[in-house]
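Subject: Structure handover, salt bridges

Hello,

Here is the structure for you to look over. My notes on its salt bridges follow below.

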Amino acid sequence: MNRNLVLKSLSFSLIAMLLTSCGGKGRDYKNSSRATGWSINDRDGGFQANTDYKEQEAAPGLVFIEGGTFTMGQVQDDVMHDWNNTPNQQHVQSFYMDETEVTNLMYLEYLDYLKKVFPPEEANYRNIYYGALPDTLVWRNRLGFNETMTENYLRHPAYARYPVVGVSWIQAVEFGNWRTNRYNEFVLEEEGYTQKGAKYNVDAESTFDTYTYLQSPSLTYGGQDDVIRGGRASAQREKANTPKSNPNNPGGSVEAKDIYVQMKDGIISTTKYRLPTEAEWEYAALGLVGIREYNAYRGRKKYPWDGAYTRSGNRKTRGDQLANFKQGDGDYGGIAGWSDDNADITAEIKSYEPNDYGLYDMAGNVSEWVADVYRPIVDDEYNDFNYYRGNVYTKNAINEDGTVKVLTTADIVFDTLDNGKIVARNLPGEILQVPVTEDDTYLRTQFSDSDNRNFRDGDKQSSRYYQSFSDASANDRMYDSPINKISAGENGMNKEYDKANDRTTLIDDEVRVYKGGSWRDREYWLDPAQRRYLPQSMATDDIGFRNAMSRVGSKATKNKTPRN
């Protein structure tokens, strides 16, 4: 071989080795900074970061939904002529979703917690518990005998695994907030950051709140230091009294540090149990992950299962109904002994096969609340990524000394809903939230107001080009819904109903979307694209809910199923 070629080959090899050692492609910078070259997680006081983070794990009850593009809206004939779900292409990020609807047993655990922490026999706590109670009277009918469900459905163990109903949108949101705090409280205890059993020994003034812990951990659990800094803090104190070999301090000891979990540790975060957005719910219900044909991508899938029919075509189960819905007038479950769907009212969870994401009852059983404020049109011209109408942006309230304002029992504010029910707007232990101001939004292009629920729906407050057909008035609104005034006084409820004769709609910023068919609905409503609405303070016997949770990090899990 030519000597020059050998020398060139050796030179290139040496250069490649030098580049690799100096930060080339082969260096992963796991424990050193790509910015400065300094060591990361150095015990001598360097920058501390979690360099071993794997990926987000599914929280209890949730399954992973890989995000993607889909056709949102109805692609079948709109026989009702609603024109409120015209097809449009949307993209949703990956998220997690409850595999089943929230059950009576799950909701009873929530009620039990509230009853113990906020005893309803105490006047200042009474409406916290009563405000969370489902409306069991939704089962009653003027010409029907349904007292069995009225008296038993929520609490009797025979219905423990049935979906909870009689829950308003507001109550469903509060359940998700409670569930978030209890889960993160559990994680901190399991990891040894808080005292063992602390979650059982709390009162109204010492409850745990996730956001308070991340913003000001010393104020959680009512500021009880021994509870907040549990096993790890104790271990750190013990370690502090043990001599450590240190070239800079031979035979000395290390100082114990306050051990709190921070966002950068990757143990807990602000991702929470919440209601899914309408786009997320519809995407998850379609279950397109199992079908990769062009027509499925373009929205030709009619139900959460494959095919255009509601009965199974499999050999072993041929003819069985695939969901719990109303077959026809007076037919809620079929002939006795030859039941079509094995249910007359709601059915026990997991009574039917899941869709391709592993989600049960995304059609039939109960309709489900989603997070969105209802408008007849999905504004895909403005946004086609993680579409959601309902953003109300807030910020932490700050005390004069610069600390966050953590609420106490004296700070609880109660709201009287349109239906006269009294609910707590906030709870002790939470950080007080206040609307963002013009100073906060100065020169921002993405948003300019705190409340964006009515953005681009045609009303004067959200459209600079809107012109009223009548004389200009401060009361001009795109949706002329009734304005009722209801308040709670010492002598009972003060009700001032809107008696105007010119109201044309029930749509306003307090009306929310619910999706999916229920045990009361005909086959038409089983299409995931169908959408209906109801005031957020109301409840029925056929609307339940399930929770979702955002995913942080990569779009897909590392154990992603390979394509066929």
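Is Glu 185 buried or exposed? Glu 185 has a relative accessible area of 2%. The cut-off for buried is under 20%, so Glu 185 counts as buried. Please keep in mind that this is a predicted model.

Glu 185 has a charged partner. Its salt bridge is with Arg 182, and the closest N and O atoms are 2.9 Å apart. Both residues sit in helix α5 (residues 169-190). They are three residues apart, about one turn of the helix. Arg 182 has 15% relative accessibility, so Arg 182 is buried too.

Next, a pair that links distant parts of the chain. Arg 546 and Glu 101 form a salt bridge through their side chains, at 4.0 Å from N to O. The two residues are 445 residues apart. Arg 546 is in the loop between β16 (543-544) and β17 (548-550). Glu 101 is in the loop between β4 (95-98) and α2 (104-117). Arg 546 is at 0% relative accessibility and therefore counts as buried. Glu 101 is also at 0%, so Glu 101 counts as buried.

A further pair is Glu 280 and Arg 274. Their salt bridge has its closest N and O atoms 2.9 Å apart. Both Glu 280 and Arg 274 are buried. There is also a network: Glu 278, Glu 282, Lys 515 and Arg 531 are joined by salt bridges that share partners.

For the overall tally, a search of the whole structure gives 30 salt bridges.

Best wishes

How values were computed. Residues numbered from 1 in each chain as written. Predicted model: local features only at pLDDT ≥ 70, side-chain atom pairs only at ≥ 80, totals over all residues. Heavy atoms only, no water. Helix = DSSP H or I, 4+ residues; strand = E, 2+ residues; numbered from the N terminus. Buried < 20%, exposed > 50% of the residue type's maximum accessible area, 1.4 Å probe, protein only.
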